[in-house]
Amino acid sequence: MKNYSVKQYQESDYTNWNAFIGQAKNATFLFHRDFMEYHKERFEDFSLMVFEDEKLIAVLPANKAGAKVFSHQGLTYGGLVYSAKINGEKVEIILDSLLSFFKENEIESFYCKPIPFFYSSGGNHETDFFLLKRGASLDKKEMNLAINLAMPLTISKSKLKHFRKIEALDLELVEEHQFESFWELVLVPRLFEKHNAKPVHTLQEIKKLKEMFPNNIKQFSVYYEGVIIAGITLFETETVVKSQYGATTKKGEELRALDFLFIRLIQKYKSEGKLFFDMGIVTDDNEKGYNIGLLKQKEELGCSVYSQDFYKMNLI
């Protein structure tokens, strides 16, 4: 009879954790400890490691707030991460081991936001099934917009018409290795002006992350007559590229520079063999629960709606 055990992540587990993430079935660089810990002072880490006998077979990037555990609130997505050799029956055992650990540690509720399915070509819905079977409920569902790059592109005719006009303006598209121009001249002032908000990552944080993950975090900007007018910050995995930030100046809006940049990048990553272009959620605080204009804009760029599900499980 094999023995399953759960332990809380400690700093001494750094190398073991990262080695596991490097070969896991459903992991991305966001689960590397260096990425998780760039803002560690904001969260009480409660990441867990599951062992079969003495072999690490699964991890749960997580944080704790009181008696609640979240599959990490500092990450866009999370959930149970496991080895490629793990079958569905064993995922059930792993989940039961975690739930027993929660109860032993007087955790009252568990919130899980699994990684969207298109990040894992090998499938990733076992956890969802077993959570629901054990009494979890769908706490929230959001629309995640993404383009399946393996299929023919479906960019709207109006977007393509304007794109062809913009191409004649001699805009300069640049992959940059610095973030100051985009953050200070475009992203921060436009977010404040339009939404009275700030980017999740400060300039110093995104620079630090770029240094640690140079092949995964990229900045593309558009210049017109030597002045930056738009930019997109990308988080890139082996099969998926995600638009983390996109913004344009007022001049960029006039020239539709952000559409120009999106279309060029969609074409670029399709030609390079990426499977999906993830443009993120369109959630809003209005009565509809989503931003109508943002949904339309992303659909016209060729996106389809994929679900981003959030589960809640009461443990007492």
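Four strands form an open sheet in this predicted model, and their order is 1-3-4-7 with antiparallel pairing. At its edges are strand 1 (4-8) and strand 7 (81-82), each of which pairs on one side only. A further open sheet has eleven strands, and the largest nonpolar core holds 40 residues. Here is a quick tour, topic by topic.

**The four-strand sheet**
- Five bridges link strand 3 (residues 48-52) with strand 4 (residues 55-60), and the two pair in the antiparallel sense.
- Met49 has Val59 of strand 4 as its bridge partner.
- Helix 1 (residues 14-23) packs on this sheet and touches strand 3, strand 4 and strand 7.
- The direction of helix 1 makes about 85 degrees with that of strand 4.

**The nonpolar cores**
- Within the 40-residue core, the residues with the most contacts are Leu30, Phe35, Val59, Phe182, Trp183 and Ile217.
- Helix 6 (residues 180-195) gives the most to this core, contributing four residues.
- Val59 is worth a look in the viewer: beyond its neighbours within four places in sequence, its contacts are Trp17, Phe20, Ile21, Leu48, Met49, Gly79, Leu80 and Val81.
- There is also a second, separate core of 30 residues, with Leu145, Leu149, Ile155 and Leu301 among them.

**The eleven-strand sheet**
- The strand order here is 2-5-6-8-15-9-14-13-12-11-10, and the pairing is mixed.
- Strand 2 (44-45) and strand 10 (172-176) each have a single partner strand, so one side of each is left without a neighbour in the sheet.
- Strand 13 (residues 240-248) and strand 14 (residues 276-281) run parallel and are joined by three bridges.
- Opposite Lys242 you will find Asp278 in strand 14.
- Helix 7 (residues 203-212) packs on this sheet, where it touches strand 11 (217-224) and strand 12 (227-236).
- Between the directions of helix 7 and strand 11 the angle is about 120 degrees.
- Helix 9 (residues 257-271) lies across strand 9 (137-148), strand 10, strand 11, strand 12, strand 13 and strand 14.
- Relative to strand 12, helix 9 runs at about 35 degrees.

**Helix 6 meets helix 7**
- Two packed helices are described by the angle between their axes and the distance between the axes.
- For helix 6 and helix 7, the axes come within 10 Å and cross at roughly 150 degrees.
- Angles over 145 degrees count as roughly antiparallel, so helix 6 and helix 7 are roughly antiparallel to each other.
- The crossing of helix 6 past helix 7 is right-handed.
- At this meeting, Glu180, Trp183 and Glu184 come from helix 6, while Leu203, Ile206 and Lys207 come from helix 7.

Notes:
Residues are numbered from 1 along each chain as its sequence is written. This is a predicted model: local features need pLDDT of at least 70, side-chain atom pairs count only at pLDDT 80 or more; totals for chains, interfaces and linings use all residues. Side-chain values use heavy atoms; hydrogens and water are left out. Two strands pair if DSSP finds at least two bridges between them. Contact means heavy atoms within 4.5 Å. Axes are lines fitted to C-alpha atoms, for helices over the stretch in contact, and angles run from 0 to 180 degrees between N-to-C directions. A nonpolar core is a set of buried Ala, Val, Leu, Ile, Met, Phe, Trp, Tyr and Cys residues joined through side-chain atoms within 4.5 Å. Buried means under 20% relative accessible area, exposed over 50%, partly exposed in between (1.4 Å probe, protein chains only). Angles under 35 degrees count as roughly parallel, over 145 as roughly antiparallel, 65 to 115 as roughly perpendicular and the rest as oblique. A crossing is left-handed if the near helix is turned anticlockwise from the far one by less than a right angle, and right-handed if clockwise.
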